[in-house]
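Biologist: I'm new to this one and would like to start small. Please pick a single pocket, walk me through it, and then show me what else is worth a look around the rest of the chain.

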Amino acid sequence: MSPTLILEPAGRSLCDEPLRIAVRGLAPEQPVTLRAALRDEKGALFRAHARYRADAAGRLDLERAPALGGSFAGLEPMGLLWAMQPDRPFWRLIKRDVQTPFVVELEVLDGHEPEPGTLLARAVHERHFLSPGVRRVPVREGRVRATLFLPPGKGSFPGIIDLFGSNGGLCEYRASLLAGHGFAVLALAYFRFEDLPEYLSEIHLEYFEEAVNVMLQHPKVKGPSVGLLGFSKGGDLCLSMASFLKGITATVLINTCVANTIAPLHYKDVIIPNLHSDLGKQKVTESGLLNIVDIWSNPLEEPNRQSLIPLEKAQGPFLFIVGMDDHNWNSGFYANIASEWLQAHGKDKPQIIYYPKTGHCIDPPYFPPSRASVHALLGEAVFYGGEPRVQSRAQVDAWQQIQTFFQKHLNGKKSVKCSKL
C-alpha cells in the first residue's frame with residue numbers, strides 16, 4: 001500500500017474552517033516531513049514544513065500527532081497553514097480577489113529535514129473565500145464605493161459594514177468569509193480606491209452615513225439598524241459612526257484608538273482634530289523594523305482631548321478585541337479609556353477581550369499572523385508584534401467572538417460563548 005495524503009474536507013474548504021490532514025500507508029513509526037506551500041496573487045511564495053513520526057500502524061493524523069520540529073512544534077493540526085512564511089521580506093498574506101481560492105500544495109516526504117528523501121504523497125487543496133451560494137455584489141451608489149456580500153437563502157439578513165485601516169483600498173476577504181455565517185456584509189473603501197481620495201487628508205462622515213443608508217435601504221438587509229466592524233484606523237472610524245450616525249446597533253473594534261487619528265474628521269458643523277503624533281518617538285527594533293506605538297500622544301491629556309470621539313452619544317454595545325502585544329496602538333489602554341468613559345456617562349460597560357502575545361493584525365482563522373510589513377503611509381517596514389503560535393489561537397477565538405456578538409445584538413440570539421483564551 002503506497003502512502004496516501006487524506007484531507008477533510010477533500011478538494012476544497014473555506015479559508016476560515018479547519019482542514020484535517022492525515023497520511024495513511026506509511027511504515028510503522030516512519031519519520032516523514034510534511035510541507036505546505038501557496039502563492040498569493042502577487043506571486044509571493046508562502047511555505048511551512050514540519051517533521052512527524054507515524055504511529056505503530058503506519059498512520060499519521062495531525063489532530064493527534066505532535067510536530068517534532070520545523071516551522072512549528074507540538075500538537076498544531078493547522079500549523080502547516082498558520083506557520084507559513086513568505087519568501088519576500090515583510091510580506092503579508094492578503095487575499096485581493098476573493099472570487100478565486102488560495103491553492104495549497106501539500107507534500108509528504110520520507111525522512112526528516114534538513115535532507116528529507118523521496119516524495120511519498122502529494123495533494124492540492126483549494127481554500128475559498130466565498131461559501132456556496134454567497135453573492136458578491138459591487139456597490140457604486142452615489143459616492144459609495146464598496147462590495148456587498150449576501151448569504152444564500154430567502155428573507156433578509158443582519159447587516160454589517162466592514163472597515164480596514166490606513167492601507168486604503170477595498171479589502172474584501174474578511175467580509176466575504178463573514179457572509180458565509182449568515183450576515184450581509186458591506187466591505188467599504190474610503191480612500192485609495194477608484195475615484196475616492198488618494199490620501200487621508202480629511203475625512204467626511206457623511207460618506208459613511210451614505211453607506212449606512214445604502215445598507216438599510218437594501219431589501220436583503222434586516223433593519224432597522226446595522227453593525228460595524230473596524231480594524232485599526234477603520235476602528236476609530238466605526239467609533240465615530242456609532243457616536244454620530246443613526247441606525248447603528250452594535251460595534252466591534254479590533255485594535256483601535258478611542259480618538260480620531262491621522263486626519264481631521266468632519267460631520268455637519270463638527271470638526272474633530274486628529275490625535276497628535278510625533279514620528280521622532282518611533283523606535284527601531286534589533287531587526288531594523290519601526291516600532292510606532294509611542295508616537296501617539298495621550299488622548300486624555302490637553303490639548304489632545306479634543307480628538308476624543310464622543311462615545312457617550314453612541315447607541316448599542318461595543319466589543320473591543322485587544323492584542324496585548326500590539327506595537328502600532330496602545331490598544332489595551334484605549335479600550336480601558338472607552339470602558340471608563342462609557343460607564344462615567346451612565347452607559348453599559350463594553351465587552352473587552354484581551355489576547356496575550358497577540359499583535360496588531362488580527363485576521364480571520366488560519367491566516368499566518370503578520371508580525372511586520374511595509375506600512376502604506378510610512379513606506380517602511382513596521383513591527384506589529386505577536387507570537388505566531390499564540391496569535392493563531394487568538395484569531396480562531398476572536399472570529400467566533402465577533403460572530404457571537406453580532407448574532408446576539410443584530411439577530412437577537414442570546415447564547416454567548418465566553419472566550420477560551
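Modeller: Let's start with the second largest pocket, which has a volume of about 320 Å³. Keep in mind that you are looking at a predicted model. This pocket has 20 lining residues, and the ones nearest its centre are Gln85, Pro369, Ser370, Arg371 and Ala372. As for the character of the lining, 13 of its residues are nonpolar, four are polar and three are charged. Ala372 is worth holding on to as a landmark, since β23 covers residues 372-374.

Now step back from Ala372 into the loop between β22 (351-355) and β23, where you'll find Lys357. Lys357 isn't a glycine, yet its phi is positive, at about 55 degrees. Is Lys357 buried or exposed? With a relative accessible area of 52%, Lys357 is exposed, because the cut-off for that word is over 50%.

Next, an enclosed space. Pro365, Tyr366, Phe367 and Pro368 are among the residues lining the largest cavity, together with others including Cys15, Leu38, Leu81, Met84 and Arg127. That cavity holds about 110 Å³. Eleven of its lining residues are nonpolar and one is charged, with no polar ones at all. Overall, four cavities reach 30 Å³ or more.

The largest pocket comes next, at about 1000 Å³. Its lining takes in 43 residues, with Ser166, Asn167, Gly168, His375 and Ala376 nearest the centre. Sorted by type, those 43 residues come out as 23 nonpolar, 13 polar and seven charged. Follow Gly168 from there: Gly168 also helps line the second largest cavity, alongside residues including Asp162, Leu163, Phe164 and Tyr190. That cavity has about 60 Å³ of space, and its lining splits into six nonpolar, three polar and one charged.

Leu188, another residue of that cavity lining, brings us to β13, which spans 184-188. Beyond β13, in the loop that runs on to β14 (203-204), sits Glu194. Glu194 has a phi near 50 degrees, so here's another positive value in a residue that isn't glycine.

Two cis peptide bonds are also easy to look up. One joins Glu8 and Pro9, with omega at about 0 degrees; Pro9 is in the loop between β1 (4-8) and β2 (12-14). The other runs from Gly223 to Pro224, with omega near 5 degrees, and Pro224 belongs to strand β15, residues 221-231.

For the helices, try α6 (residues 388-411). From first C-alpha to last, its 24 residues reach 33 Å, close to the 34 Å expected at 1.5 Å a residue. Right after α6 comes Gly412, whose phi is positive at about 75 degrees. Within α6 you can pick out Ala394. Its relative accessibility is 2%, and anything under 20% counts as buried, so Ala394 is buried. Ala394 is 71 residues from Gly323 in sequence, while their C-alpha atoms are 8.7 Å apart in space.

Then there's α5 (residues 331-344), which holds Ser331. Ser331 is buried too, with a relative accessible area of 3%. What does the side chain of Ser331 make a polar contact with? Its partner is the side chain of Asn255, at 3.3 Å. Leaving out residues up to four places away in sequence, Ser331 touches Asn255, Thr256, Val322 and Asp326.

Last, go to Lys42, in the loop between β4 (31-39) and β5 (45-53). Lys42 is partly exposed, with a relative accessible area of 49%, so it sits below the over 50% needed for exposed. Residues up to four places away aside, Lys42 is in touch with Arg88, Trp91 and Arg96. For a sense of reach, compare Lys42 with Leu205: they are 163 residues apart along the chain, and 33 Å separates their C-alpha atoms.

Technical notes. Residues are numbered from 1 along each chain as its sequence is written. This is a predicted model: local features need pLDDT of at least 70, side-chain atom pairs count only at pLDDT 80 or more; totals for chains, interfaces and linings use all residues. Side-chain values use heavy atoms; hydrogens and water are left out. Helices (H or I, at least four residues) and strands (E, at least two) are DSSP runs, numbered from the N terminus. The expected span of a helix is 1.5 Å times one less than its number of residues. On a 1 Å grid over the protein atoms alone, a cavity is a set of points where a 1.4 Å probe fits but cannot get out, and a pocket is an open set with protein on both sides within 12 Å along at least five of seven lines; lining residues have an atom within 4 Å of a point. Grid points are joined across faces, edges and corners, and a volume is the space filled by probe spheres set on the points. Ala, Val, Leu, Ile, Met, Phe, Trp, Tyr, Cys and Pro count as nonpolar, Asp, Glu, Lys and Arg as charged, and the others, Gly among them, as polar. Buried means under 20% relative accessible area, exposed over 50%, partly exposed in between (1.4 Å probe, protein chains only). A polar contact is a pair of N or O atoms within 3.5 Å; within protein, one must be able to donate a hydrogen and the other to accept it, and residues adjacent in sequence count only if both atoms are side-chain atoms. Contact means heavy atoms within 4.5 Å.
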